[in-house]
There are 2 protein chains.
Amino acid sequence: MIKPRSRRGGGRPTISDVARKAGVGAITVSRALREPERVSEELRRQIQAAVEELGYVPDPNARALASARAEVFGVLVPSLTNNVFAEVVRGIYDSLSDSPFRIQLGNTHYSGLEEERLLQVFGSQRPAALIVAGIDQTPASRKLLENAGCPVVQVMETGPDPVDMMVGFSHLDGGRAATEHLIEAGYRRIGFIGARMDPRSQRRLAGYRVAMEKAGLLDPRLITTTPVLSSVSLGRELFRDALAKMPTLDGVFCNNDDIALGVLFECHRASIDVPKTIGIVGFNDLDMMQVAFPSVTSIRTHRYEIGRRAVAMALAAISGNRPQERIADLGFELKRRESTAR
Amino acid sequence: MIKPRSRRGGGRPTISDVARKAGVGAITVSRALREPERVSEELRRQIQAAVEELGYVPDPNARALASARAEVFGVLVPSLTNNVFAEVVRGIYDSLSDSPFRIQLGNTHYSGLEEERLLQVFGSQRPAALIVAGIDQTPASRKLLENAGCPVVQVMETGPDPVDMMVGFSHLDGGRAATEHLIEAGYRRIGFIGARMDPRSQRRLAGYRVAMEKAGLLDPRLITTTPVLSSVSLGRELFRDALAKMPTLDGVFCNNDDIALGVLFECHRASIDVPKTIGIVGFNDLDMMQVAFPSVTSIRTHRYEIGRRAVAMALAAISGNRPQERIADLGFELKRRESTAR
DNA sequence: CAACGTCATGGTAGCGCTACCATTTCTCTC
DNA sequence: GAGAGAAATGGTAGCGCTACCATGACGTTG
């Protein structure tokens with residue numbers, strides 16, 4: 001007994017429907033869609049017409065199964081609401097919007113365990129490339145990345161030992177530049193205020209230490225940190241703590257701009273003059289830092305560009321010409337503003 | 001001639017490897033994984049052991065192909081960097097992190113055409129559910145949603161005619177409440193400042209009009225809008241424009257909190273007293289609004305909760321018990337703060 | 001002009017999984 | 001204790017696509 005065609009599929013046109021309509025073999029349709037130059041122009045036109053008439057859309061699942069390769073970029077970030085990662089992700093989306101690649105986005109919540117779990121899940125899809133935030137993967141995660149069988153790009157920072165490729169900048173140098181700027185501006189009792197304290201924040205702190213040490217200004221009581229998730233309100237609280245601990249504080253380098261904004265608002269509220277009494281430096285240079293009053297000095301980072309570059313490197317690797325330089329350092333820029341203009 | 005096993009697959013264990021090792025049929029493994037209660041406890045244990053020993057991970061592509069249904073939620077938002085949508089997306093991710101469902105996230109850039117394109121792409125994957133921001137889909141998009149063959153949840157606002165389900169609140173009522181609050185607080189020349197002006201902003205503006213009209217205060221010169229993407233710096237500029245156009249302005253209802261913050265900073269810079277000379281109300285109530293100095297009155301919206309509820313409704317529909325109420329109105333809350341405490 | 005590449009096209013056999021039906025075994029019921 | 005039903009398991013046949021190889025129609029070469 002003959003079964004009706006398409007027992008389960010919702011009756012959508014398949015590649016053989018297109019082939020029948022165009023009077024060619026199914027495989028020729030497949031080729032016309034993926035490698036048009038290998039099909040004669042005449043057939044290509046016929047096939048194109050049949051595709052449009054039927055409204056045929058290839059099934060990515062069947063494609064992935066047959067070719068053992070999904071047209072998917074796996075992207076792993078620690079947070080979706082942190083503007084920094086949102087910008088990177090936006091750069092990735094924008095770069096891939098005209099390509100056949102889809103994006104599988106995972107949120108690790110800053111957890112190494114969660115990262116491993118997601119890499120496991122993503123790996124089972126045989127992605128075309130993986131983009132992961134950070135360079136501090138657990139050994140298990142690192143092994144998963146090495147065995148992924150696809151290009152891997154670590155983003156947000158650079159380091160000595162890439163799994164495959166890297167795009168970012170040196171957070172240590174950034175922290176150091178910020179601190180040195182405060183020192184040059186004449187501040188002396190410069191605090192470090194940091195929330196979340198992920199590995200990148202740790203390295204910014206390390207940069208702060210280097211600069212302070214070199215200037216002979218380092219004092220552990222100047223450092224105020226917490227593992228709690230960063231926010232503007234937390235910035236205010238941490239600044240109050242810092243001030244209570246060290247009333248002679250005359251400057252702060254903040255982990256990020258949210259914290260810096262919290263500090264700024266608290267200064268307003270407590271009528272502390274910025275930049276005269278306290279100098280403030282943030283990190284990332286969100287749009288609002290130059291609008292704030294007083295405008296806030298910050299380290300401008302190229303987040304969107306990191307996303308774009310990561311995709312560009314991955315696409316190059318996929319198409320066989322892996323970039324010469326496996327590590328792209330996009331640097332940063334110190335934006336001097338009113339908050340440190342003593 | 002016998003072909004070697006696994007011609008293309010990277011040699012990863014398949015379901016039949018597990019079946020062989022556990023001494024059962026492949027289909028029983030499949031069932032043990034998906035509907036454990038239909039397999040005897042003994043076999044379940046054996047299978048579990050085999051899965052772990054081999055490190056078997058099911059291939060989602062093969063699964064999707066065979067079952068004509070992918071374990072994927074398609075999510076469409078107009079922006080990835082706008083905190084509002086980022087929060088919704090975070091709620092969706094958090095709600096699905098323990099489920100077998102993956103998330104396919106699309107960025108429409110506020111474009112109806114792009115939305116159609118993405119719905120086409122997402123549809124080809126036969127998703128388990130679709131979550132889309134907004135209720136103003138183009139006719140073509142609406143048709144795609146209706147024919148998606150899966151639960152559809154429209155999020156961020158409520159309206160009269162859901163494709164399937166809706167979670168959100170009334171932006172018109174929100175805009176109205178914000179404006180009425182300003183009026184009650186004694187402000188009279190109340191401006192509306194809005195950027196981006198997507199359909200939700202339009203409805204907030206409509207709410208503003210209703211309230212102003214009712215109070216006999218409406219004057220078209222009080223309204224300042226632009227289609228440009230919203231930002232804090234844009235808020236400052238628009239406020240300057242508004243003030244130039246209408247120097248007697250004594251209050252502003254802002255489209256969103258970014259704009260409100262820009263207005264606040266400009267007031268600081270121009271030494272305009274808030275709330276005495278100018279009252280400010282924002283929309284969304286970002287964390288920083290209550291930290292700002294002065295703290296800023298805003299309409300608190302439940303963005304994270306919208307994401308969670310959307311997933312809950314979709315999951316219910318998938319498992320067969322579609323919620324009684326197809327429309328969930330999560331409301332909003334007026335947060336009175338210093339910026340309107342005259 | 002035979003021998004040999006090259007190009008365009010097609011047929012076949014899966015990719016790894018699950019829907020559908022069949023089979024077996026184990027309860028109940030009257 | 002025979003018949004009916006339920007519960008547990010398995011076999012078969014695809015899902016829609018592409019890798020691999022085969023085929024035939026052309027040049028091109030010596």
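**Figure 1. Four helices help to form the protein surface near DNA strand C in this predicted model.** Helices H2 (26–34) and H4 (60–67) of chain A each supply at least two residues of this surface. So do H2 (26–34) and H4 (60–67) of chain B. H4(B) gives the largest share, five residues. By class, the surface has 13 nonpolar, eight polar and seven charged residues.

**Figure 2. Residues of chains A and B surround DNA strand C.** There are 28 residues around the strand. A:Thr28, A:Ser40, B:Ile15, B:Ser30 and B:Tyr56 come nearest. Of the strand's atoms within 4 Å of the protein, 68% belong to sugar or phosphate. The rest belong to bases.

**Figure 3. Polar backbone atoms of the protein meet bases and a phosphate of DNA strand C.** In chain A, a polar backbone atom of A:Ala66 is 3.4 Å from a base oxygen. In chain B, B:Ala62 places a polar backbone atom 3.4 Å from a base nitrogen. B:Asp59 has a polar backbone atom 3.2 Å from a phosphate oxygen.

**Figure 4. Helices H6 and H7 of chain A cross at roughly 25°.** H6 spans residues 112–123 and H7 spans residues 139–146. Their axes come within 9 Å. Angles under 35 degrees count as roughly parallel, so H6(A) is roughly parallel to H7(A). The crossing is left-handed. H6(A) makes the contact through A:Gly112, A:Glu115, A:Glu116, A:Leu119 and A:Gln120. H7(A) contributes A:Ala140, A:Ser141, A:Leu144 and A:Leu145. By class, this contact has four nonpolar, three polar and two charged residues.

Note on methods
Residues are numbered from 1 along each chain as its sequence is written. Chains are lettered from A and ligands numbered from 1 in the order in which they are written. This is a predicted model: local features need pLDDT of at least 70, side-chain atom pairs count only at pLDDT 80 or more; totals for chains, interfaces and linings use all residues. Side-chain values use heavy atoms; hydrogens and water are left out. Axes are lines fitted to C-alpha atoms, for helices over the stretch in contact, and angles run from 0 to 180 degrees between N-to-C directions. Angles under 35 degrees count as roughly parallel, over 145 as roughly antiparallel, 65 to 115 as roughly perpendicular and the rest as oblique. A crossing is left-handed if the near helix is turned anticlockwise from the far one by less than a right angle, and right-handed if clockwise. Contact means heavy atoms within 4.5 Å. Ala, Val, Leu, Ile, Met, Phe, Trp, Tyr, Cys and Pro count as nonpolar, Asp, Glu, Lys and Arg as charged, and the others, Gly among them, as polar. A residue is near a molecule or strand if one of its heavy atoms lies within 4 Å of it. A polar contact is a pair of N or O atoms within 3.5 Å; within protein, one must be able to donate a hydrogen and the other to accept it, and residues adjacent in sequence count only if both atoms are side-chain atoms.
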